[in-house]
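I set out to record what can be looked up in this structure, entry by entry. The entries go from the sheet to the helices, then to the core and the aromatic rings.

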Amino acid sequence: MEITLTTNNPNGLVQAFDEGAQAGELTFQIKEKVIVIDHTQTFKGFERRGIAEQMTLAAIDYAKTNHKKIIPECSYAYTYLMRHREYACVLDERVIDEKRY
C-alpha cells in the first residue's frame with residue numbers, strides 16, 4: 001500500500017494506492033492553525049483493509065509536522081480520533097471542549 005499526501009493551499013489530499021489502483025482518499029482544508037478533515041473514503045473492493053486508518057494517520061502526521069491541530073468534521077476521522085486518545089495532542093481545543101475529551 002502506498003500513501004501519498006499532497007497540499008495545494010488551502011486544500012490537502014491523502015490518497016491510498018494498492019498496486020497502482022487508487023484505494024481511497026481523505027480530503028482536508030488547511031486553515032491558519034488547524035486542518036479540517038472533511039472527507040474520508042475507501043473505494044469499493046478495498047474496504048476493511050485499514051486503508052482509512054492509514055490515510056488518517058498520514059493526516060495526523062502532517063498536522064504534527066506542521067504544528068497544526070485537527071478538527072475532524074468527517075465522521076470516520078472524528079470517531080478514530082475519539083477512540084485513539086494517544087492523538088489528543090493534535091485535536092483542536094474546540095473538539096476537546098465540545099466532547100469533554
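The entries below record what I looked up, in order.

**Entry 1. Model and sheet**

I note at the outset that this is a predicted model. I looked first for the strand order and found an open sheet of five strands, arranged E1-E2-E3-E4-E5 with mixed pairing. Strand E1 (2-8) and strand E5 (69-72) are at the edges; each has a single partner strand, so one side of each lacks a neighbour in the sheet. From one strand to the next I read an average twist of 25°.

**Entry 2. Strand pairs**

I then went through the pairings. E1 and E2 run antiparallel and are joined by seven bridges. Within this pair I picked out Leu5, whose bridge partner in E2 is Val14. The connection from E1 to E2 is a hairpin through two residues.

E2 and E3 also run antiparallel, with eight bridges between them. Here I recorded that Leu13 has Thr27 in E3 as its bridge partner. The hairpin of E2 and E3 has two residues between the strands, and in it Glu19 takes a positive phi near 50°.

For strand E3 (residues 21-30) and strand E4 (residues 34-42) I found antiparallel pairing over seven bridges. Opposite Glu25 I found Gln41 in E4.

**Entry 3. Helices against the sheet**

Which strands does helix H1 touch? Helix H1 (residues 51-65) packs on the sheet and touches E1, strand E2 (11-18), E3, E4 and E5. The direction of H1 makes about 165° with that of E4. Helix H2 (residues 75-83) lies across E4 and E5 and runs at about 120° to E5.

I checked the length of H1 as well. At 1.5 Å a residue, its 15 residues should span 21 Å, and the end C-alpha atoms are 21 Å apart, which agrees. After H1 comes His67, whose phi is positive, near 55°.

I listed the buried residues of H1: Ile51, Ala52, Met55, Thr56, Ala58, Ala59, Ile60, Tyr62 and Ala63. The buried residues of H1 pack against E1, E2, E3, E4, E5 and H2.

**Entry 4. Nonpolar core**

I turned next to the core. In soluble globular proteins, nonpolar side chains tend to be buried together. The largest nonpolar core in this model has 29 residues. The residues with the most contacts inside this core are Leu26, Phe28, Ile35, Ile37, Ile60, Ile70 and Leu81. E2, E3, E4, H1, E5 and H2 each supply at least two residues of the core. Which element gives the most to this core? I found that H1 does, with seven residues.

I followed one of these residues, Ile70, further. Leaving aside neighbours within four places in sequence, Ile70 is in contact with Ile35, Ile37, Ala59, Ile60, Ala63, Leu81, Val90, Leu91, Asp92 and Val95.

**Entry 5. Aromatic rings**

I counted three aromatic pairs. Phe28 and Tyr62 form a tilted pair, at 5.4 Å centre to centre and with 40° between the planes. Phe28 lies in strand E3 and Tyr62 in helix H1, so this pair ties together parts that are 34 residues apart in sequence. Are Phe28 and Tyr62 buried or exposed? I recorded both Phe28 and Tyr62 as buried.

For Tyr80 and Tyr87, the ring centres are 6.3 Å apart and the planes are at 25°, so I entered the pair as stacked, the cut-off being under 30 degrees. Tyr80 is buried, with a relative accessible area of 6%. Tyr87 is likewise buried, with a relative accessible area of 15%. I also noted that Tyr76, Tyr80 and Tyr87 form one aromatic cluster.

**Entry 6. Thr40**

My last look-up was Thr40, which lies in strand E4. Is Thr40 buried or exposed? Its relative accessibility is 15%, and Thr40 therefore counts as buried, since buried means under 20%. Not counting residues up to four places away in sequence, Thr40 touches Glu25, Leu26, Ala52, Met55, Cys74 and Tyr76.

Methods
Residues numbered from 1 in each chain as written. Predicted model: local features only at pLDDT ≥ 70, side-chain atom pairs only at ≥ 80, totals over all residues. Heavy atoms only, no water. Pairing = 2+ DSSP bridges. Helix = DSSP H or I, 4+ residues; strand = E, 2+ residues; numbered from the N terminus. Axes fitted to C-alpha atoms, helices over the stretch in contact; angles between N-to-C directions. Contact = heavy atoms within 4.5 Å. Expected span 1.5 Å × (residues − 1). Buried < 20%, exposed > 50% of the residue type's maximum accessible area, 1.4 Å probe, protein only. Core = buried A, V, L, I, M, F, W, Y, C linked by side-chain atoms within 4.5 Å. Phe/Tyr/Trp six-rings, centres within 6.5 Å; stacked < 30°, edge-to-face > 60°.
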